Amino acid sequence: MYGLSVDDTSYHIAIIDDESGEREKLRSLIAHYFEQHPGKVYEICMYEDGEELLRDLAAEKYFDLFFLDVELEDERTGINLAYQIRSFYLEPVIIYVTNHLECAPQAFEVNAYRFIPKRMLSEKITEALDYVLGVIDQIDQRFYVVDTPDCAERILLKNIVSIEKEEKYINIHYRNGVVRERKTLDKVMKSLASSEFVYVDKSDIVNLRQIESIRKDQLVLKDGRMLRISRPRYRKVRELLIAYWRSEE
């Protein structure tokens with residue numbers, strides 16, 4: 001998973017608050033917003049505690065947007081929960097809805113996009129959703145087109161894990177499986193036109209956002225696979241990866 005969106009047009013929203021009344025109020029306001037924007041499709045899942053959410057994330061349930069309270073009853077704060085969400089998602093979009101205004105500085109340390117006092121929720125929700133849905137759309141826009149005699153499909157760049165050469169074909173490993181195309185790696189790289197993709201040897205391209213760790217002879221990817229990295233490319237890939245990780249801090 002790790003921040004890879006599903007290939008659909010819905011906005012997947014998680015609400016985490018230990019007070020049922022507050023969860024329902026927020027759900028109702030979000031539903032009202034989407035009623036005013038009939039072209040947008042959405043799905044809401046509500047959670048009483050962070051543990052339940054983390055179980056779903058571990059089971060590869062995907063969300064575009066998280067609404068968190070700062071204080072939760074399961075001894076996990078909303079700030080700590082955000083850090084745990086970031087272990088699954090490189091770019092989680094988080095909005096805090098809380099009465100604990102003193103925690104605002106900590107909220108922005110985990111790159112929260114908004115911090116809304118509960119007493120001002122009705123006034124602020126429209127502007128907040130307008131903004132973050134635009135952010136989500138930008139994150140999800142870029143795609144690669146696969147065009148073969150058997151199929152034509154668009155694959156979000158953020159969904160691509162790696163691309164390997166196999167004789168005259170390439171195999172694109174992405175969130176939903178593997179697709180095969182007759183094309184050279186160089187042509188694919190030009191089509192991707194993204195600095196997030198790098199050659200790790202002459203037969204493999206990898207998405208930087210999908211690398212868990214790097215060693216002198218191999219990469220560990222976030223889907224659990226290990227790929228060989230050639231010695232001549234190790235230093236350059238390592239530099240690019242560290243620069244990418246630091247840009248995400």
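Buried means under 20% relative accessible area, exposed means over 50%, and partly exposed lies in between (1.4 Å probe, protein chains only). You are working with a predicted model, where local features need pLDDT of at least 70, side-chain atom pairs count only at pLDDT 80 or more, and totals for chains, interfaces and linings use all residues. Residues are numbered from 1 along each chain as its sequence is written, and side-chain values use heavy atoms, leaving out hydrogens and water.

**Exercise 1.** Decide whether Arg231 is buried or exposed, and find the helix that holds Arg231.

*Solution.* Start with the helix: Arg231 belongs to H7, residues 231-247 (a helix is a DSSP run of H or I with at least four residues, a strand a run of E with at least two, both numbered from the N terminus). Next, take the relative accessible area of Arg231, which is 77%, so Arg231 is exposed.

**Exercise 2.** Place Thr98 in a strand, then work out which side chain makes a polar contact with the side chain of Thr98.

*Solution.* Thr98 sits in strand E4, residues 93-98. With a relative accessible area of 0%, Thr98 is buried. The partner is Asp69: the two side chains make a polar contact at 2.9 Å (a pair of N or O atoms within 3.5 Å; within protein, one must be able to donate a hydrogen and the other to accept it, and residues adjacent in sequence count only if both atoms are side-chain atoms).

**Exercise 3.** Find what the side chain of Asn207 reaches.

*Solution.* First locate Asn207 in strand E12, residues 204-207. Asn207 has a relative accessible area of 0% and is therefore buried. Finally, follow the side chain of Asn207 to the backbone oxygen of Leu157, at 3.4 Å.
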